[in-house]
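This report looks at how the interior of a protein is packed, beginning with its cysteines and moving on to its nonpolar cores and a pair of helices.

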Amino acid sequence: MGAGKRAVRVGPQYPDPLAAGHDHGGQVHEAARLRQVEPHAILDASASINPLGPPSSALQALSDLAGLVRHYPDSTHEPVRRALSAALAVPTDHIWCGNGATEVLDQLLYTLRPRRVCIVEPAFSEYGRVAARHGLPIERIAMKPPFSYPADRLDALLAEGDVLVFNNPHNPSGRAYPRSEWESLFWRWAARGVHILVDEAFMDFLPDASRFSALPLATSVDGVTVVRSATKIFALPGLRLGAGIGSPSLVHKITSLRDPWSVNQLAQAAAVAAYKDAAFLQETWQWLEGARAWAEGTWGSHPRIHTFPTTANFMLARWPEAAVASHVAAALWNNGVLVRRLHGSLGLGAEWMRIALRTPEENVRIWRVVQAALDDS
Ligand SMILES: Cc1ncc(COP(=O)(O)O)c(C=O)c1O
C-alpha cells in the first residue's frame, strides 16, 4: 500500500482468512452471524455457485415432494441415475450417487485404498483431507502459473497402486484441459495400474464439454473414474448431490459399502428435475459467456490485477502484493461480499484470490468496491 494511503478500517468481526476453518469458500452462515444479517444479505463470490439457480424446475420438485421427508430416501438412487444417464449419455450401471462430489471422492478413496494419492496442486482441499481421513499417503505435485498440465512429472512419478486426482476444469485457475492433452497418457497410466480420478465438478459449465470430459474413458477403461457435482451448476450446495462414473464392478463395490441413505430424497428429486432441464443449461451457458467477456474487459484489463483466462464460473486474480489483496478483501467484506483468498494449503500466496462470476448487477457491485479500494491503496 502506498505511503500516506489509508488502510480500509475493518471491524473486529472481519474473519481472518488465515484462521483455521477457512479451507473453503461459501461460509455464508458464519459471515451472516458475524455481520448480524440474514444469510441472503451476504453476496457470496467465494463459492462458485451458478447465480441463475436453483432452476425453477428443481424448486418446484422440492415443494411438491417436501412431504417425502417422512420416508427413508430411495437408496437405489434409480431415478437420479436414469436422469444422469440421459444427461451424460452414460449407461446407468456405470453411475452411482453420493452426498455431493465430496462424498463420492471419499467413497472412491476408501474403496480403492491406494498406495498413494497423487494430487496436482493447487487443488480443492478436500482431496487431501479425504486421503488423510483414510490414512493414505499423499504426494503433492505443484503446478505453477499458467497451470499447464505437468504431464512429464506425473509420468515419471506414477506407479502401480497410485491414485491420481485430476481436476478438469481446474479450480482455482479455471483452465480446462482438452482430451487431446491427456488421453494417451491416461491409457498408459491405467495400463501401469494407476487409477485416475477426474473431478469434473465444473464441467457442466462448458457448452463444449465433450472436448474436455473423460466420460468416454470412464466407461471404457477400468482405471478411470469421473466425479460430477450437481451442487455448482444447479446451485444446490445446501442439498448436495454428486455422482461417480466408472466401471460397473467399481460401482457395485462402492454401492455395497456405502451409507444407503446419505443422499436425501429432496436432493434426489431436485436433481432429477434439474438434470432434465436442458433449457436451464442453455441459459447458464449464455449468461457465462457474457459474464466472462465482462470480466475480461474489467478485471482482465486493469493494470494492477493479473487474471487468467477462465472457462468456468470463477476467475483467479493475482494482486501486486498480499497487502493489496487483504485491503481489497476487507473492503469487500465491509460491503457484505465474500471472496476466496488463496494461500497456504493451495500452494498459492496471499496475493491470490478467486472470485465467482455472478449476475451482471452483482458483478458490477463487486467491481465498484474493488475499484474504490484500489484507488485508495
Ligand atoms: C473442484 C471441486 N470438486 C468438488 C467440489 C465439491 O463439490 P460438492 O459440493 O458436490 O461436494 C468442489 C467444491 O468446492 C470443488 O471445487
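C97 has a relative accessible area of 1% and is therefore buried, since buried means under 20%. The model is a predicted one, and in it C118 is likewise counted as buried, at 0% relative accessibility.

| Cysteine | Relative accessible area |
|---|---|
| C97 | 1% |
| C118 | 0% |

When the whole structure is searched for disulfides, zero are found.

The largest nonpolar core holds 98 residues, and the members that touch the most others are Y149, L164, W189, W299, W319 and V370. Helix α10, which spans residues 265-275, contributes the largest share of this core, namely seven residues. The core also draws on both domains, with at least three residues from domain 1 (28-54 + 279-375) and at least three from domain 2 (56-277).

Leaving aside residues up to four places away in sequence, L164 touches C118, V120, Y149, L154, L158, W189, V194, H195, I196 and L197. A second core of 20 residues is separate from the largest one, and its members include V104, L108, L197 and V251.

Helix α10 also packs against another helix. Its axis and that of helix α2 (residues 56-65) come within 8 Å and cross at roughly 145 degrees, and the crossing is right-handed. On the α2 side the contact is made by S57, A58, A61, L62 and L65, while α10 supplies L266, A269, A270, A273 and A274.

Note on methods. Residues are numbered from 1 along each chain as its sequence is written. This is a predicted model: local features need pLDDT of at least 70, side-chain atom pairs count only at pLDDT 80 or more; totals for chains, interfaces and linings use all residues. Side-chain values use heavy atoms; hydrogens and water are left out. A disulfide is a pair of cysteine sulfur atoms within 2.5 Å. Buried means under 20% relative accessible area, exposed over 50%, partly exposed in between (1.4 Å probe, protein chains only). A nonpolar core is a set of buried Ala, Val, Leu, Ile, Met, Phe, Trp, Tyr and Cys residues joined through side-chain atoms within 4.5 Å. Helices (H or I, at least four residues) and strands (E, at least two) are DSSP runs, numbered from the N terminus. Domain bounds come from an automatic or database domain assignment. Contact means heavy atoms within 4.5 Å. Axes are lines fitted to C-alpha atoms, for helices over the stretch in contact, and angles run from 0 to 180 degrees between N-to-C directions. A crossing is left-handed if the near helix is turned anticlockwise from the far one by less than a right angle, and right-handed if clockwise.
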